[in-house]
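Could you walk me through this model in a viewer, stop by stop? I would like to know what to select next and what is there.

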Amino acid sequence: MGFTHLHVHTEYSVLDGVSTVNQLLERCTQHGMNACAITDHGNLFGAIDFYKSAKKHGIKPIIGSELYVAPKSRFDRTAGSQEFAYQHLLLLCENETGYHNLCRLSSKGYLEGFYYKPRVDDELLAEYHEGLIASSACLGGRVPNAILRGDMDAAHAAIQKYIDIFGKDNFLIEIMDHGMPEEHKVNPVLIELAHKYGLTLVATNDSHYNDRDDSEAHEVLLCVQTGTNLEDQNHFRFPTDQFYFRSKDEMKALFASVPEAITNTAKIAERCNISIPLGNSLIPNYTVPEGYTKEGYLHELVLTGLAERYGSPVPEKMMERAVFEMGVIETMKFVDYFLVVWDLIHY
């Protein structure tokens, strides 16, 4: 019975994740895990680092993020407090299209929806849902949070909304057990809802550090984040010391009553297959006027600019400098880049 961690935070969940990428992957190797996800808060800062390092470790990288979703519009900044400003939603990339869409969602969260955190909304999720698998996330997710409040109408509405956006096969119900009474309250209801709607049930551990003993270091990190210290009795901390990278056996034992929630994680891991092209030039191809090579056209533009600035003939010192710099540009294969930028500014 296989198990794959699908909800994992690293150092790239800034001031919230203790696990470094390499430590995390070493732990995967120790636990005999051949796949693992990265789902940092609201960003993809660690995606390339994780992707490249996982490949070196022989571990299948699953790229994702735990996004912040605005209750209404991402442009709405009237919540009044952080508690009501956003809810969580976990997204995993099933393919390269999903990776591009998750990049767009993360970027728009920062550029358009930032309010306490980088937030997206249902409108953006609907626009950029292709290639993504969504999950109900932790207690801060829309569905679990509605259950905790006793608002089952809202829970049903949230599930239906996510099914409408992502499709029935692409919305997962996530259950966790970090020893919190709130989780023990919502888990039976989440399991029931998964069966009712025919949704895939997955068991996860909201991993923020590698070992249980690292919980104190994580608590210190949270103090740095919130500007408090351990002596402050009201400092922010996680409710238990179980937000660590559990082994397969620990997860199987913890969710022995719902073994399908364990095996389903491996099935989801099998679905997530992306290949990020690295080392390729992504500079647009510039089309020069007929009769020119790209290098020749750039040279003519540079010579024209030199004459306008320094007169004709161009001083020898300036010409030597220009020839040297154009040589560097050609060697580094940046001719297209300089032509595109020139064209944009000229326009």
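**Stop 1: the largest pocket**

Start with helix H5 (142–148), which gives the most to the lining of the largest pocket, with four residues. Keep in mind as you go that this is a predicted model.

Now widen the selection to the whole pocket, which holds about 1300 Å³ of space. Of its 44 lining residues, the closest to the centre are Tyr68, Tyr86, His88, Cys138 and Gly140, so put those five in sticks. To frame them, show strand S2 (60–69), strand S3 (87–93), H5, H7 and helix H8 (215–226), each of which supplies at least two residues of the lining. If you colour the lining by class, you will get 22 nonpolar, 12 polar and 10 charged residues.

**Stop 2: the second largest pocket**

Next, move along the chain to a pocket with a volume of about 610 Å³. Its lining has 20 residues, and those closest to the centre are Leu301, Val302, Gly305, Leu306 and Arg309. Select helix H11 (294–310), helix H12 (316–331) and helix H13 (335–346), the elements that give two or more residues to this lining. Which of them gives the most? That is H11, with nine residues. Coloured by class, this lining shows 13 nonpolar, three polar and four charged residues.

**Stop 3: the cavity**

How many cavities of 30 Å³ or more are there? The count is one, and about 60 Å³ of space lies in it. To see its walls, select Ala137, Cys138, Leu139, Pro144, Glu174, Ile175, Met176, Glu183, Val186, Asn187 and Leu190. Strand S6 (171–175) and helix H7 (181–197) are the elements that give two or more residues here. H7 gives the most, with four residues. The lining divides into eight nonpolar, one polar and two charged residues. You have met Cys138 before: it is among the residues closest to the centre of the largest pocket, and it also lines this cavity.

**Stop 4: Asp40**

Finish by selecting Asp40, which sits in strand S1 (residues 35–41). Is this side chain's residue buried or exposed? Asp40 is buried, yet it has no salt bridge. Try a distance label to Lys117, the nearest side chain of opposite charge: it is 12 Å away. A salt bridge would need a side-chain nitrogen within 4 Å of a carboxyl oxygen, so Lys117 does not make one with Asp40.

What does Asp40 touch instead? Leaving aside its neighbours within four places in sequence, Asp40 is in contact with Val8, His9, Thr10, Tyr12, Ser13, Gly64, Ser65 and Glu66. Show those residues together with Asp40 for your last view.

Methods
Residues are numbered from 1 along each chain as its sequence is written. This is a predicted model: local features need pLDDT of at least 70, side-chain atom pairs count only at pLDDT 80 or more; totals for chains, interfaces and linings use all residues. Side-chain values use heavy atoms; hydrogens and water are left out. Buried means under 20% relative accessible area, exposed over 50%, partly exposed in between (1.4 Å probe, protein chains only). Lys and Arg count as positive and Asp and Glu as negative; His and the chain ends are not counted. Contact means heavy atoms within 4.5 Å. On a 1 Å grid over the protein atoms alone, a cavity is a set of points where a 1.4 Å probe fits but cannot get out, and a pocket is an open set with protein on both sides within 12 Å along at least five of seven lines; lining residues have an atom within 4 Å of a point. Grid points are joined across faces, edges and corners, and a volume is the space filled by probe spheres set on the points. Ala, Val, Leu, Ile, Met, Phe, Trp, Tyr, Cys and Pro count as nonpolar, Asp, Glu, Lys and Arg as charged, and the others, Gly among them, as polar.
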